[in-house]
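Let's take a walk through this model, starting with charged side chains and ending up at a pocket. Keep the viewer open as you read.

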Amino acid sequence: MDRKETEGALEAILFAMGDAVELDKLAKAVGHDKETTRRVLMHMMDSYREENRGIQLVELEDSFQLCTKKEYYEYLIQVAKQPKKLTLSDAVMETLSIIAYKQPITKGEIEKIRGVKSDHAVNRLVEYNLVMELGRLDAPGKPILFGTTEEFLRNFGVKSLEELPTINPVQVEDFKAEAEEEVQMKLNL
């Protein structure tokens, strides 16, 4: 299969699937090794960008997906029903941050960090497909472990969890000091 035919096959697969497809599955489908397939996909990414096409190819961890470019959204909504915009409350965003940085994590561990019940926030994140169940912890009660999804990566514009911003250690110490002060003030009341 020549490069143009390989590109056509990859484009057809990604278009038909709609969601991200793992590189190894794409490589098997077109009969190439992973590295060759990745090079072809990178060439396709560059071509879409250079030709100013309405679609783009995005990489999400070790998977690829065809998506509409953001700048054409206004045209898209003229034809399609306007998608529901996710709104995340502060509590839900705080819970998502904890899960993103501490995953895999149980609801109990989330609640210990937040200091409040987190059922609603976790359920909302699962409903929005930003968080999913990863399995169960081998501990009494077998609590569910949660982690982020590809949808999380897509919505926050990162290829992988390694691209999440790092937390400044000085800020962490400041937060700890503030929390200790709050606890001490509550104990003194």
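**Salt bridges, a hairpin and a pocket**

Start with Glu-127 and Arg-124, whose side chains make a salt bridge with a closest N-to-O distance of 3.3 Å. Keep in mind that this is a predicted model, so every value here is computed from predicted coordinates. Why do Glu-127 and Arg-124 sit about one helical turn apart? Because they are three residues apart within helix α7 (residues 119–127). As for surroundings, Glu-127 counts as exposed at 51% relative accessibility; the cut-off for that label is over 50%. Arg-124, at 25%, counts as partly exposed.

Other salt bridges share partners, and through them Lys-34, Arg-38, Glu-59 and Asp-62 are joined into one network. Zoom in on one pair from it: Asp-62 and Lys-34 meet through their side chains at 3.8 Å, N to O. That pair ties together distant parts of the chain, with the two positions 28 residues apart in numbering: Lys-34 belongs to helix α3 (residues 34–50), while Asp-62 is in the loop between β2 (55–60) and β3 (63–68). Lys-34 is partly exposed, with a relative accessible area of 41%, and Asp-62 is partly exposed too, at 34%.

Now look at Arg-53, which forms a salt bridge with Glu-51, their closest N and O atoms being 3.1 Å apart. Arg-53 is again partly exposed, at 32% relative accessible area. If you'd like the overall tally, searching the whole structure turns up 15 salt bridges. The general idea is familiar: side chains of opposite charge can pair when their charged atoms come close.

Back to the loop that holds Asp-62. The strands on either side of it, β2 and β3, run antiparallel and are joined by six bridges. One of the paired positions is Ile-55, whose bridge partner in β3 is Thr-68. Together the two strands make a hairpin with two residues between them, and Glu-61 in the turn has a positive phi of about 55°.

Last stop: the second largest pocket, with a volume of about 770 Å³. Which residues lie nearest its centre? They are Ile-98, Ile-113, Arg-114, Phe-175 and Lys-176, out of 17 lining residues. Helices α5 (90–102), α6 (107–114) and α9 (169–188) are the elements that each give two or more residues to this lining. By class, the lining of the pocket is a mix of seven nonpolar, five polar and five charged residues.

Methods:
Residues are numbered from 1 along each chain as its sequence is written. This is a predicted model: local features need pLDDT of at least 70, side-chain atom pairs count only at pLDDT 80 or more; totals for chains, interfaces and linings use all residues. Side-chain values use heavy atoms; hydrogens and water are left out. A salt bridge is a side-chain nitrogen of Lys or Arg within 4 Å of a carboxyl oxygen of Asp or Glu. Helices (H or I, at least four residues) and strands (E, at least two) are DSSP runs, numbered from the N terminus. Buried means under 20% relative accessible area, exposed over 50%, partly exposed in between (1.4 Å probe, protein chains only). Two strands pair if DSSP finds at least two bridges between them. On a 1 Å grid over the protein atoms alone, a cavity is a set of points where a 1.4 Å probe fits but cannot get out, and a pocket is an open set with protein on both sides within 12 Å along at least five of seven lines; lining residues have an atom within 4 Å of a point. Grid points are joined across faces, edges and corners, and a volume is the space filled by probe spheres set on the points. Ala, Val, Leu, Ile, Met, Phe, Trp, Tyr, Cys and Pro count as nonpolar, Asp, Glu, Lys and Arg as charged, and the others, Gly among them, as polar.
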